[in-house]
Amino acid sequence: MLESLLKEKRLILVCGSGGVGKTTMAAALALKGAALGLKTIVLTIDPAKRLATSLGLDRLSDEPKRINAKKLADLFGTPDPACFAMMLDTKHTFDQLVAKYAPSKEIEQKILNNKIYRHLSDMIAGSQEYMAMEKLYELATEEKYDLIVIDTPPTTHAIDFLEAPQKMIDAIGHSMIHLLLKPAMLAGKSGLKLFEKGSQMILKIFDRITGFAFLQDISEMLISFQELLGGFQGRAEDVRKILTQDETGFVLVSACEEKSVREAQFFSERLAALGLPLSGVILNRVHPLYRIASDDREENQRELAARVGTKLTAKMADCFDRFEPIARRDDNYRKELKHDLTEKQFLTIIPLFESDIHSLEGLFSLTEYF
Ligand SMILES: Nc1ncnc2c1ncn2[C@@H]1O[C@H](COP(=O)(O)OP(=O)(O)O)[C@@H](O)[C@H]1O
Ligand SMILES: [Mg+2]
């Protein structure tokens with residue numbers, strides 16, 4: 001099922017609460033996509049250092065890096081798989097945005113050097129959710145890749161990510177900076193007499209505190225930043241369109257824990273309410289449930305005792321009995337999640353690995369469950 005998803009979709013967003021395995025699954029999905037012959041890119045957010053190294057992302061950069069093709073070809077047995085990985089670098093992303101949308105080099109420099117821009121950009125760049133959306137937009141519109149896999153930031157609620165563009169617009173819209181910017185802009189165009197009374201007061205106070213520089217910074221900033229603010233709104237709408245396309249799919253990752261299963265259920269309801277397509281769920285770190293009928297059990301124990309002795313057999317039986325309730329609990333999570341899904345939505349089970357998954361080999365062995 002996951003394989004057909006990779007073939008059908010162009011954009012896959014991997015969501016779920018913190019620590020459930022989103023980054024790992026996003027990387028594994030991208031590798032699998034590449035193994036299927038697709039030119040693939042994965043945008044990772046805060047990957048574990050060893051995983052970043054495995055993906056070739058050891059130097060901090062948000063430029064796409066190609067994952068060692070020879071190594072991948074050896075692992076997958078496919079010729080020349082093209083898989084790229086990149087990491088989200090929030091501050092750099094924002095500066096790039098300015099460079100891209102500023103009408104001229106001069107204005108770009110003016111903005112980047114402007115004190116208010118620096119304040120504003122720190123505020124915006126602080127929002128990984130927002131920046132991930134900007135990168136998503138960039139990747140989805142540049143048409144360089146057959147498949148784009150987006151890892152999502154570790155927000156408290158997975159859904160925060162989707163609402164990031166609107167929140168950012170609201171934050172800018174309501175911030176005092178905006179309040180000040182509007183009249184400053186008018187002033188820049190038609191002189192101070194057009195200042196609204198309230199804003200004029202605020203500006204005067206700021207002026208007294210900070211000196212003339214502040215006022216000048218603002219009007220300069222506003223005039224050059226105007227187009228960017230408009231662009232924010234426009235892009236948020238475009239992102240929303242991209243997210244609702246048929247070519248886009250959401251994959252929800254849940255760990256076998258009460259909190260993350262509930263979060264996954266909540267998230268899937270919210271997706272439906274927002275009209276966004278949930279393709280399926282990956283239940284991660286599952287303890288396998290071994291079903292052994294009680295008569296088999298006795299026979300198994302006799303057989304085992306003949307080989308390893310009764311003492312070790314008793315220890316193993318004890319271990320099995322302790323393990324079973326955990327496996328049963330995981331199986332109940334599986335049933336619960338399955339119950340909420342439609343026929344078309346997949347539920348993929350990934351077992352708990354013996355150790356963390358930080359290498360290409362580890363990711364590869366994970367893809368065998370897809
Ligand atoms: N099935 C699994 N078995 C064992 N370790 C896992 C499994 N899935 C993920 N991990 C490990 O759990 C840790 C958290 O995974 P990560 O993908 O970084 O989560 P997230 O991105 O959701 O915060 C990583 O060290 C990863 O290697
Ligand atoms: Mg992560």
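## Packing of α13 and α15

Two helices count as roughly parallel when the angle between them is under 35 degrees. In this predicted model, helix α13 (residues 258–273) and helix α15 (residues 310–340) have axes that cross at roughly 5° and come within 11 Å. The two helices, α13 and α15, are therefore roughly parallel to each other.

On the α13 side, the contact is formed by V261, A264, Q265 and S268, and on the α15 side by Y333, E336, L337 and D340. Classified by residue type, this contact of α13 with α15 comprises four nonpolar, two polar and two charged residues.

## Surroundings of ligand 1

There are 18 residues around ligand 1, and those that come nearest are K22, T23, T24, F353 and D356. By class, the shell consists of eight polar, seven nonpolar and three charged residues.

Two secondary-structure elements, α2 (22–35) and β7 (278–286), each supply at least two residues of this shell. Helix α2 gives the most, with three residues.

## Environment of I350

Residue I350 belongs to strand β8, which spans residues 346–351. A residue is buried if 20 or more other C-beta atoms lie within 10 Å of its own; I350 has 22 such atoms within 10 Å and is therefore buried.

Leaving aside neighbours within four places in sequence, I350 is in contact with I282, N284, V286, L366 and Y369. I350 and L283 are separated by 67 residues in sequence, while their C-alpha atoms are 6.2 Å apart in space.

Key
Residues are numbered from 1 along each chain as its sequence is written. Chains are lettered from A and ligands numbered from 1 in the order in which they are written. This is a predicted model: local features need pLDDT of at least 70, side-chain atom pairs count only at pLDDT 80 or more; totals for chains, interfaces and linings use all residues. A residue is near a molecule or strand if its C-beta atom, placed from the backbone, lies within 6 Å of it. Helices (H or I, at least four residues) and strands (E, at least two) are DSSP runs, numbered from the N terminus. Ala, Val, Leu, Ile, Met, Phe, Trp, Tyr, Cys and Pro count as nonpolar, Asp, Glu, Lys and Arg as charged, and the others, Gly among them, as polar. A residue is buried if 20 or more other C-beta atoms lie within 10 Å of its own, exposed if 12 or fewer, and partly exposed in between; C-beta atoms are placed from the backbone. Two residues are in contact if their C-beta atoms, placed from the backbone, lie within 7 Å. Axes are lines fitted to C-alpha atoms, for helices over the stretch in contact, and angles run from 0 to 180 degrees between N-to-C directions. Angles under 35 degrees count as roughly parallel, over 145 as roughly antiparallel, 65 to 115 as roughly perpendicular and the rest as oblique.
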